[in-house]
Amino acid sequence: MRPYELFVGLRYTRAKRRTHFISFISAVSMLGIGLGIAALITVISVMNGFEKEIRARILGAAAHIQVQGLNNSPLENWEAVAATAKKHPEVVGAAPFVQAQGLLSTGDTVRGVYVRGIVPELEDQVADFSKHMRSGSLAALKPGGFGLVVGVGVARALGLHVGDRVTLISPQGQVTPAGLMPRLKQFTVVGIFALDHNEYDSALALARMEDAQLLYRMDSTVSGVRLKVRDVDRAPAVARELYKALPDTNIYDWTLQNVNYFRAVQIEKRMMFIILTLIIAVAAFNLVSTLVMVVTDKHPDIAILRTLGASPGSIMKIFVVQGAVIGSIGTIAGVLVGVLLASNIDVVVPFIERTFHFQILSREVYYISELPSDLRWPDVIWVAAVSLALAFVATIYPSWRASRVNPAEALRYE
């Protein structure tokens, strides 16, 4: 029975009430806290999953680090740049590229694309195109063969299949007696990739680097060198370190090239955390009304404890314990439900879709048609800590009220 404040507080929590209404309000408070925590953990895990999925798809085509000439001028002697970059222990791959805009024309249909000239055997070191080929292969891009690998969106818009011929028009014209004429060249489609990312699937075409250099008259220069690092999260630090070894270049890491995507995800995560935390706060502050009614119900008990020598601080501790127990039970239940739901979101969502005959993420609208989930324990710990803190704050006022009970007034009518 020591400390007795803990014993009495736990006894009050387990004891039968003279009114069932107080027990009902306590149960509602615990249920509200649990549901709020479960919803918050699940939503944050889904947002983490979206961020992870988007990052994986972007980095399937984008470089971790990109080295270009000053003011985006052509980069000469790319072999030396790549060799210097690969001396860094974090860099595991390097590949040159030629980047330009163009128009693909077939029949009466024209579509603007970004043309990227690559060396297939080196491109596999920095990108994942080979893993996402719907048909054909990057190896079919031979020097002088004028082959083209297009995204599935480009192929769908132009009605292209492997083996079809398409005209690539360069916006950089050439002067002729008839005036300025665009340069154009017929290419053969040798592959179609699908990264499940609209920016690349619907606007990117890959050509052999030598063919792109010839079409865009870049001679032996390239647009830059793409690098892959061991840890994508360290890419900004590696880029800063490489700038010391490659001072006359512009160096961009993937966070700068795709900052809008990840900034939007971070803002959404922050707002969802605030909104759902307010739900937990509302449930936690239901404890105030619960404990106020308990204090009113226990006036005679409080008076007896005071006459036996209990201090006002001890009375406060009793009701803080009672409120903390209610908040802790709700928090533990919410964490368990939230972790189970977030860990099995790939099972729960299809079950809901089959039961109610609707699709949460339609394939016709969203490029990610399944809810991803990435449960991170630091988020779970943070959510649980916030919930327990709110529950503790909610117990302060009722406990203070209990400590101010006058024994003589409480026992006058008993």
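Which side chains meet in a salt bridge at 2.9 Å, N to O? They are those of Arg-226 and Glu-123. A salt bridge here is a side-chain nitrogen of Lys or Arg within 4 Å of a carboxyl oxygen of Asp or Glu.

This is a predicted model, in which local features need pLDDT of at least 70 and side-chain atom pairs count only at pLDDT 80 or more, while totals for chains, interfaces and linings use all residues. Residues are numbered from 1 along each chain as its sequence is written, and side-chain values use heavy atoms, with hydrogens and water left out.

**Overall make-up**

The protein has 15 helices and 10 strands; these are DSSP runs numbered from the N terminus, with helices being H or I of at least four residues and strands E of at least two. Of its 414 residues, 48% count as buried (buried means under 20% relative accessible area, exposed over 50%, partly exposed in between, with a 1.4 Å probe and protein chains only). Among contacts with a separation of 6 or more, 80% come from residues 24 or more positions apart, a contact being heavy atoms within 4.5 Å.

**Salt bridges**

Nine salt bridges are found in the whole structure. Three of them are listed here.

| Pair | Closest N to O distance |
|---|---|
| Arg-226 and Glu-123 | 2.9 Å |
| Arg-376 and Asp-374 | 3.0 Å |
| Glu-90 and Arg-234 | 3.6 Å |

The pair of Arg-226 and Glu-123 meets in a salt bridge. Arg-226 lies in strand β9 and Glu-123 in helix α4 (residues 120–123), so the pair ties together parts that are 103 residues apart in sequence. Both Arg-226 and Glu-123 are buried.

Glu-90 forms a salt bridge with Arg-234. Because Glu-90 is in the loop between α3 (78–86) and β2, and Arg-234 in the loop between β9 (224–229) and α8 (235–245), this pair ties together parts that are 144 residues apart in sequence. Glu-90 is buried, with a relative accessible area of 18%, whereas Arg-234 is partly exposed at 32%. Glu-90 and Arg-234 also belong, with Glu-241, to a network of salt bridges.

In the pair of Arg-376 and Asp-374, Arg-376 is partly exposed, with a relative accessible area of 32%, and Asp-374 is buried, at 16%.

**The cavity**

Asp-374 and Arg-376 also help to line the largest cavity. On a 1 Å grid over the protein atoms alone, a cavity is a set of points where a 1.4 Å probe fits but cannot get out, and a pocket is an open set with protein on both sides within 12 Å along at least five of seven lines; lining residues have an atom within 4 Å of a point. The structure holds one cavity of 30 Å³ or more, and the space in the largest cavity is about 40 Å³; a volume is the space filled by probe spheres set on the points, which are joined across faces, edges and corners. Helices α2 (20–59) and α14 (377–403) each supply at least two lining residues, and α2 gives the largest share, four residues. Other residues of this lining include Asp-379 and Val-380.

**The pocket**

The largest pocket contains about 500 Å³ of space. It is lined by 20 residues, and those closest to its centre are Gln-66, Gln-99, Tyr-114, Arg-116 and Gln-257. Two or more lining residues come from each of β1 (65–69), β2 (91–106), β3 (109–118) and α6 (198–201).
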